[in-house]
Structure formats: structure tokens, C-alpha cells
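Reader: I would like to learn how to read the features of a model such as this one. Please show it to me and begin with what a term means before applying it.

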Amino acid sequence: AAVFNWPDPRLDTLDDQLYRPFFSAASRLALNCTARGGLTDTNATVAAQWLRLAYHDVATHNSTTGTGGLDASIAYEFNHLQNVGVGMLESLLDFATAPNEYVSMADVIAQGVIHAVIDCGGPIIPYRGGRVDATEAGPETVPEPQQDLASHIASFQAQGFNQTEMITLVACGHSLGESSGVRKVDFPLIVTENASTGIQNFASTLGFDNTVVTEYLDSTTDNVLVVGTNISTRSDLRIFSSDANVTMQRLASPDTFNEVCADLIGRMIDTVPSTVTLTDVIEPFDFKVWNTMLFPRGGSLAFLATLRIITAPGLSRTVTMFWTSRTGTFCPAGGCSAQAFEVTTSDSTLLGQLKGIPSFDLHSFNPSIDLATSISSFWFEVNNNDGSTPFIVDNNGANYIIEQDVLLFDPRRSNFSTGGTTMVVGVKDSSTNANVTALSTLTGSTTLPLPSRDTVVFEVDATNPPADGYTFYAATLSRKAISNSIHATINGTAYSLWVPFTSAAGA
Ligand code: HEM
């Protein structure tokens, strides 16, 4: 498993989104290769829409100039004729609440692709994060069915794929078979016959497999981009046959097909502007500290933290948290300690399950910490209760460091009850003058579903008088934010605090 050095907001979020269904619509909405439903698009699958969205976003890449790629520029390109169809906007709306300050919409589109493929029975594609969203449309470089072979070869070359890779990528893209295809409403010049479902499927089987290849090779295909009556739009035929079927014959082996599709679709979603550096592949973390909160609570500091451990069937672990004080020697040499007040089990996504993770155990803590001596770092001891020696989980030897207790988010004084909106922070030392702001990431609109940012200024909170050595500042957000980071200058020193969640177990 991958190593997680806490804190790391980007990896923290990406891991939640990849492996815990609660945090990601992309991991849930296409499960079982489900159909979109609705009036206009009865037979189409969510997975197919997500895969097409991603390719059309990537197709703006120019490998010579290093511009474009998977950068969510598609959100500004709905008016390009190449992007006809409701599936584009529907897909981005699926993802609208997922991006935050550290995770881009482009990263979420890439997640959609890897989930779409496994949700329809296809191979696992490695996932990296770190994409950056564009702020404007890219060029109109998505290949179109009526273009000739030379244009297609040139387009894919510009996107970073040679001719063999073009054949393969198109076959992989059009492999969702009966779960995908060409819509009469959007392409009346291609789908000229009556299509009872409104869509002419690429192949006869539901799900991600190589039937699109085998039906092409044995001439039983109904793929309208191969056998459609409109000869000029038989782009799949021109592409598939462009090397005398050598590549298609190779793809007739299901294992080869899965292997090369995983590789090429992986390369497709990792096609990014040359200024972007992607993370390593993100595998599920063995141990993850999650959703920590420190705030004044009735004469002490409450410290909330959860240690997430991959469930091991048959093991019933006990976990102890230890911490050291920030000042003084309040804690014994071995550290202060607390037992988990609650252990819950949380689902793993299909991706996690395919990687052998049945679920996650969440060991949650909420000790009261002495106000005067506070807390500077913490770690855990895990006892498997199976006769083996208990072991330490300490952020790979570095301990989990709490950098400061001067600027704290207060989940109890904040009020998010009505989907809203009052955020309260505590600032230590009442004699200070503090400038406190929050940078909020807000969900985009129903026509441009890219996240937007808003800065709000905090004022001294009249409804929460100073307590426990903290002065409280409040701000009202215009609407519920996806996540906030709070920034403050207190007596000339800058502090920052990332607040991914507005509450935690044990608050
Ligand atoms: C020369 C290149 C390509 C051409 C001309 C082309 C053309 C088309 C057309 C006309 C449709 C019908 C869209 C609709 O009716 O909604 C379609 C669907 C689709 N394409 Fe392509 N395509 C190409 C390459 C690719 C690639 C490289 C991928 C992904 C790797 C891809 C993935 C898809 C998917 C998943 C659908 C089904 C969408 C759905 O059913 O909602 N295509 N393609």
C-alpha cells in the first residue's frame, strides 16, 4: 500500500474519493454499468458518458506545445459541435460537488473514467492525481466521424498517440458495446435508420469487453461507425482497418484487450499540460489519520481524530492514542493516552474491493486535552489482540504534528444545520488583533459546474463570548462550501487551517 505522510490535503481527499463511496459520486453512480435513464437517453449508460467526456476533454491536447489535455476545459466547450449531446453536462453535474481547493474537476473526471471501466467489468486503471483545471476553452480538435483517415492519424498524433495506439484507443473507447453508441437525436446523418431506443449500439454485449472487436472481425457488427449507410461517417471502419486489421486481430484476445486498454486509457487520463506534474499512483493507505479537529470545549481542548485501518476479517483491534503536550510536562514521559471511544466500519468502493479491501475500520478518539499544556503531536499503538506484539503507527516515524493551537475551527460553535453557513473559529489570546478570512470552494452552477472560490471575512462573534482563553470570530458563507481553508494574521504571524469537513465523530 502507499505511504501517507500526514497532513497532505490532496492525497487525503483523493484517497477518500477513490476508496470510500460516501465521498465520491464517481464511485457510485455508474456501478453495475447502470443506465442513465431519463426521457432523452433511456438506454445510455452513465459510464459511457463519463468515458466520452474524458476523451473529448483530453483531445484538446497538443503534444508539441504541451498545452491542453485532461484539464476540464470541456466545461467551456459544450458549444463546440464536436461535443453535442446532453451527456457532457450531465456528467460534469455528477461530479460537481467533488472538487475542492486541492482536487481539481479534471482529477474527478479521471476518477470517473477508472470507475466507469471497472463498473462495466473492465480492467483496473492506475490513478494519479494533481491535474489542474483550465480557465477557458481549448481548440476544436476532437476528431469527427466524417473526417478522413489522414486527419484522424494527425489528430491522434497531436494528442500523443501513434496509429496503432489510435486504433486501440478507439476500440477501447467504443468497447462499452450495448451500453454505449451513437444517438439519432445528436447524429441524424449517421443514425439514418430507425433506432428503437434512440441509440445505435457499438456492439451487442453490455459492459466493457472486446465484442466491438470480435464482431468487427467476423463481420457481424452493427456498429454504425463501421457499417452505417452513410459511408463518409464510417470512421471506426477506416481506423480499425488502417493497418490491415493487424491491431484488431491482436485485440481479439480478451486478455490482451484488457491489458492494452488499461494502459492506453491510463495514458489518456494522464495526458495533461506540460506544466502539470501528477502524483504517484494512489493505492489505499494502510493507516490514515482522518478528520482531526482541535477546539475549546468547556474548560479543556477537545481533540477529535480518527485512525482508519483496512479491515482484517477476524481481527478485533484495540487502538490507543498517545500525545505529547505543547508546553510544560503535564504528560507522563510515555505521553498522555486515550482509548478509542467508537469503532465503526465504513464501506470500501468497488475499486477498493478489487484491490482486496473489504472495508475500513474507523477508530475515533475525542480526548479532553489540558488547556494550559495543549497538544503538539500524537501517535497510536495498535493491538491486533491475536497474540502478536502491538505496534506503533506514528506517521512513518515523524509523529502526527499539530503545528499550532492559535487558530482553531470550532465545530460546536459553528452552525451548519440548515445546509448553511455560520463558521466560527477560535483565536488564542484575546489581546490580539486578528485578521481572519476563509477561502471557500463552492459548487459550480448548473450550466458551468466547475467549482468557484469565495473569500469571506470573519468578525468578532458577538454571540459567542470569549472562553477558555480563546476569542471567537464568525463569518457567514453565502452558501454551503465544499471545503474551506482559513487564513489568519494574528499579531503579525500567519496561520492557516484546512477545514475539509464541518463536523467529526465525537464533537
Ligand atoms: C476518431 C475518433 C473518434 C470518433 C470519430 C468518435 C465518434 C463517436 C461518436 C459519433 C459517438 C456517438 C456519441 C453520441 O451519440 O452520444 C461516440 C461515442 C462514444 N465514444 Fe467515440 N469517437 C472517437 C474516439 C473515441 C475515443 C478515443 C474514446 C475513448 C477512449 C471514445 C469514447 C466514446 C464513448 C464511451 C462513446 C459512447 C458515449 C455514450 O454512449 O454516451 N471515442 N464516438
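Author: Start with pairing: two strands pair if DSSP finds at least two bridges between them. In β18, Glu-459 has Ala-474 as its bridge partner. Keep in mind throughout that this is a predicted model.

Reader: How many bridges join β17 to β18, and in which sense do the strands run?

Author: Strands of a sheet pair through backbone hydrogen bonds, either parallel or antiparallel. Here β17 (residues 459-460) is joined to β18 by two bridges, and the two strands run antiparallel.

Reader: Which strand is joined to β18 by seven bridges?

Author: That is β14 (residues 422-428), again antiparallel to β18. One position to look at is Met-423, which stands opposite Ala-475 of β18.

Reader: What is the order of the strands in the sheet that holds β18?

Author: The order is β13-β14-β18-β17, four strands in an open sheet with antiparallel pairing. At the edges are β13 (407-409) and β17, each of which pairs on one side only.

Reader: Why is β18 described as largely enclosed by the rest of the structure?

Author: The general step is a neighbour count: a residue is buried if 20 or more other C-beta atoms lie within 10 Å of its own. Strand β18 (residues 470-476) has five of its seven residues buried, so the rest of the structure largely encloses it.

Reader: What is the strand order in the sheet that contains β15?

Author: This open sheet has four strands in the order β16-β15-β19-β20, and its pairing is antiparallel. Its edge strands, β16 (452-457) and β20 (493-499), each pair on one side only. From one strand to the next, the twist averages 20 degrees.

Reader: How many bridges join β15 to β16, and how many does β15 share with β19?

Author: Six bridges join β15 (residues 434-442) to β16 in antiparallel fashion. Between β15 and β19 (residues 483-490) there are eight bridges, also antiparallel. For landmarks, take Ser-440, opposite Asp-454 in β16, and Ala-434, opposite Ile-490 in β19.

Reader: Let us turn to helices. What span does α4 reach, and what is expected for it?

Author: An α-helix has 3.6 residues a turn, so residues three or four places apart point the same way. The span is another thing to read: α4 (residues 105-119), with 15 residues, reaches 20 Å from its first C-alpha to its last, close to the 21 Å expected at 1.5 Å a residue.

Reader: Is α4 mostly covered or mostly open?

Author: It is mostly covered, with 15 of its 15 residues buried. Following α4 comes Gly-121, whose phi is positive, near 90 degrees.

Reader: Which residues that are not glycine have a positive phi?

Author: Two cases to inspect are Ala-244, with phi about 60 degrees, and Asn-245, with phi about 70 degrees. Ala-244 lies in the loop between α9 and α10 (246-250), and Asn-245 is placed in the loop between α9 and α10 as well.

Reader: Is Ala-244 buried or exposed, and how does Asn-245 count?

Author: Ala-244 is exposed, because 8 other C-beta atoms lie within 10 Å. Asn-245 has 16 C-beta neighbours inside 10 Å, so it counts as partly exposed.

Reader: Where is Phe-161 placed, and is it buried or exposed?

Author: Phe-161 sits in the loop between α5 (149-159) and α6. It counts as buried because it has 22 C-beta neighbours inside 10 Å. Phe-161 and Arg-267 are 106 residues apart in sequence, yet 9.3 Å apart in space, C-alpha to C-alpha.

Reader: Which residues form the surroundings of the ligand?

Author: There are 28 of them, and the closest are Ala-48, Pro-143, Gly-173, Ser-180 and Arg-183. By class, the shell around the ligand divides into 15 nonpolar, nine polar and four charged residues. Elements that each supply at least two residues of the shell include α6 (163-173), β1 (181-183) and α11 (254-269). The largest share, five residues, comes from α2.

Reader: Which peptide bond is cis?

Author: A cis bond joins Trp-6 and Pro-7, with omega about -5 degrees. Pro-7 belongs to the segment before α1 (9-19).

Technical notes
Residues numbered from 1 in each chain as written. Predicted model: local features only at pLDDT ≥ 70, side-chain atom pairs only at ≥ 80, totals over all residues. Axes fitted to C-alpha atoms, helices over the stretch in contact; angles between N-to-C directions. Near = placed C-beta within 6 Å. Nonpolar A, V, L, I, M, F, W, Y, C, P; charged D, E, K, R; others polar. Expected span 1.5 Å × (residues − 1). Buried ≥ 20, exposed ≤ 12 C-beta atoms within 10 Å, placed from the backbone.
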